[in-house]
Amino acid sequence: MYVDRVKIQDGRAIGVIAQRSFANGLRGPEYLVGARREVLLAAGAVGSAALLRRSSPSLSELVRPLRDQALITLAWHCGACNVTQEVLQTVKALHGHGDKHLVEQLQSRDVMYGHGLVMNLAGQKVLVLGRIVKCWACGPGVLGDQLEMNIVLLQPRSFEFDVSADGQLSDVDRLTHEGDIKAAVEGVRIVKAAVQTIPEYEQLQLTPAGMFHEDPEKDLRAGGGIYSFFGGTATCRLGDVVDGELKVKGVRGLRAADASVLPEPPAGRPYFSIIKVAHVAAQLAMRDAMSK
Ligand SMILES: Cc1cc2nc3c(=O)[nH]c(=O)nc-3n(C[C@H](O)[C@H](O)[C@H](O)COP(=O)(O)OP(=O)(O)OC[C@H]3O[C@@H](n4cnc5c(N)ncnc54)[C@H](O)[C@@H]3O)c2cc1C
């Protein structure tokens with residue numbers, strides 16, 4: 001089912017206008033799904049924002065820019081499977097700011113393992129992840145492996161996107177805040193320095209060719225090599241769009257409960273915060289239902 005918009009009558013959300021969606025991308029006729037008590041938006045940071053944009057001009061005006069976590073990836077072709085662990089130990093020793101050591105065993109098809117730690121760089125929380133990725137193009141085997149280091153700005157102040165009514169994001173994928181750039185440059189420097197300390201470094205080749213080799217700051221300022229880490233939040237942020245009970249301002253009977261209500265990306269991956277939001281929303285809905 002595709003929800004096109006919230007149906008509002010006399011300042012109250014009375015349901016949603018939905019359509020059946022088909023595998024071929026087509027949609028059926030519109031119909032109203034009525035809500036006896038309230039409408040709860042949970043379409044994600046992009047989806048809930050787009051829904052508000054489509055629902056009414058005043059709700060559209062409430063929508064705030066999406067704030068995301070920013071990912072920089074440095075990859076090296078590597079010659080040994082234990083390289084990542086050595087790199088991260090070196091990073092920690094070098095910097096001394098590692099305040100949390102997350103150990104993940106990533107058991108998916110093409111990832112052998114990954115390790116990460118969160119550091120404070122230039123006043124920013126930065127997650128550094130290392131993993132050995134199988135290169136299926138070269139075939140399995142040590143020489144086909146690639147060392148990938150991810151530098152993630154968890155709460156950047158300048159990685160923002162506008163969301164349109166059809167769920168498209170504006171094309172502003174660069175860091176503009178000086179603190180963000182400093183943290184990113186520092187992350188790239190530390191990771192490169194750490195990788196250079198491993199014995200197999202001579203055999204490693206930094207990819208993509210050219211990027212971050214000579215002048216990482218210049219590359220970063222030009223918007224090169226920075227991607228979304230899929231941590232979008234804040235389009236219906238608490239305070240601006242929803243109140244402390246997750247109710248959307250200016251309309252009765254409408255709540256939001258997903259990543260969109262987080263005021264900024266959390267200082268970690270977002271999933272646990274979103275589960276907490278859902279838990280609170282369920283408690284509030286239950287409380288309201290019991291009191292009527
Ligand atoms: C590839 C990838 C990897 C990730 N890895 C991690 C991770 O390791 N750890 C972590 O914490 N987070 C991770 N995330 C982020 C995490 O998945 C999201 O932050 C989280 O799922 C957001 O939850 P949500 O409930 O706000 O929205 P979503 O999980 O996106 O749920 C929204 C739902 O609403 C539906 N929807 C949207 N619009 C409409 C509409 N108009 N009509 C009907 N339905 C609609 C969508 O189809 C979707 O099912 C990852 C994200 C991606 C994309």
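## Close-ups of a predicted chain

**Figure 1. The whole chain, seen through its contacts.** Take the contacts between residues at least 6 apart in sequence: 64% of them join residues at least 24 apart. Keep in mind that this is a predicted model. The chain has 292 residues, and buried ones make up 45% of them. Its secondary structure comes to six helices and 14 strands. As for the surface, the chain exposes about 14,700 Å², with carbon and sulfur atoms supplying 54% of that area.

**Figure 2. Strands E1 and E2 make a hairpin.** Here you can follow E1 (residues 2-9) and E2 (residues 12-21), which run antiparallel and are joined by seven bridges. Want a spot to start from? Find Arg-5, which stands opposite Ile-17 in E2. Between the two strands sit two residues, and Asp-10 in this turn has a positive phi of about 50°.

**Figure 3. E2 also pairs with E3.** On to the next hairpin. Strand E3 covers residues 27-34, runs antiparallel to E2 and is joined to E2 by six bridges. One pairing to look for is Gly-15 with its bridge partner in E3, Gly-34. This time five residues lie between the strands, and Gly-25 in the turn has a positive phi of about 90°. While you're tracing strands, here's a handy rule: in a regular strand, side chains alternate between the two faces of the sheet.

**Figure 4. Arg-27 sits over the ring of Tyr-2.** Zoom in on these two side chains and you'll see Arg-27 lying over the face of Tyr-2. The distance from the ring centre is 3.5 Å. Tyr-2 belongs to E1, which spans residues 2-9, while Arg-27 belongs to E3, which spans residues 27-34.

**Figure 5. Two Phe rings meet edge-to-face.** How many aromatic pairs does a search of the whole structure find? Just one. The pair is made by Phe-159 and Phe-161, arranged edge-to-face, with 5.1 Å centre to centre and 80° between the planes. Those two values are what you need, because a pair of aromatic rings is described by the distance of the centres and the angle of the planes. Both Phe-159 and Phe-161 are buried.

**Figure 6. Ser-48 and its neighbours.** Look for Ser-48 in helix H1, which runs over residues 44-55. Is Ser-48 buried or exposed? Its relative accessible area is 0%, so Ser-48 counts as buried. Leaving out residues up to four places away in sequence, Ser-48 touches Leu-41, Ala-42, Ala-43, Cys-236, Asp-258 and Ser-260.

Note on methods: Residues numbered from 1 in each chain as written. Predicted model: local features only at pLDDT ≥ 70, side-chain atom pairs only at ≥ 80, totals over all residues. Heavy atoms only, no water. Pairing = 2+ DSSP bridges. Helix = DSSP H or I, 4+ residues; strand = E, 2+ residues; numbered from the N terminus. Phe/Tyr/Trp six-rings, centres within 6.5 Å; stacked < 30°, edge-to-face > 60°. Buried < 20%, exposed > 50% of the residue type's maximum accessible area, 1.4 Å probe, protein only. Lys NZ or Arg CZ within 6 Å of the ring centre and 35° of its normal. Contact = heavy atoms within 4.5 Å. Areas by Shrake-Rupley, 256 points an atom, 1.4 Å probe, with all protein chains shown as cover.
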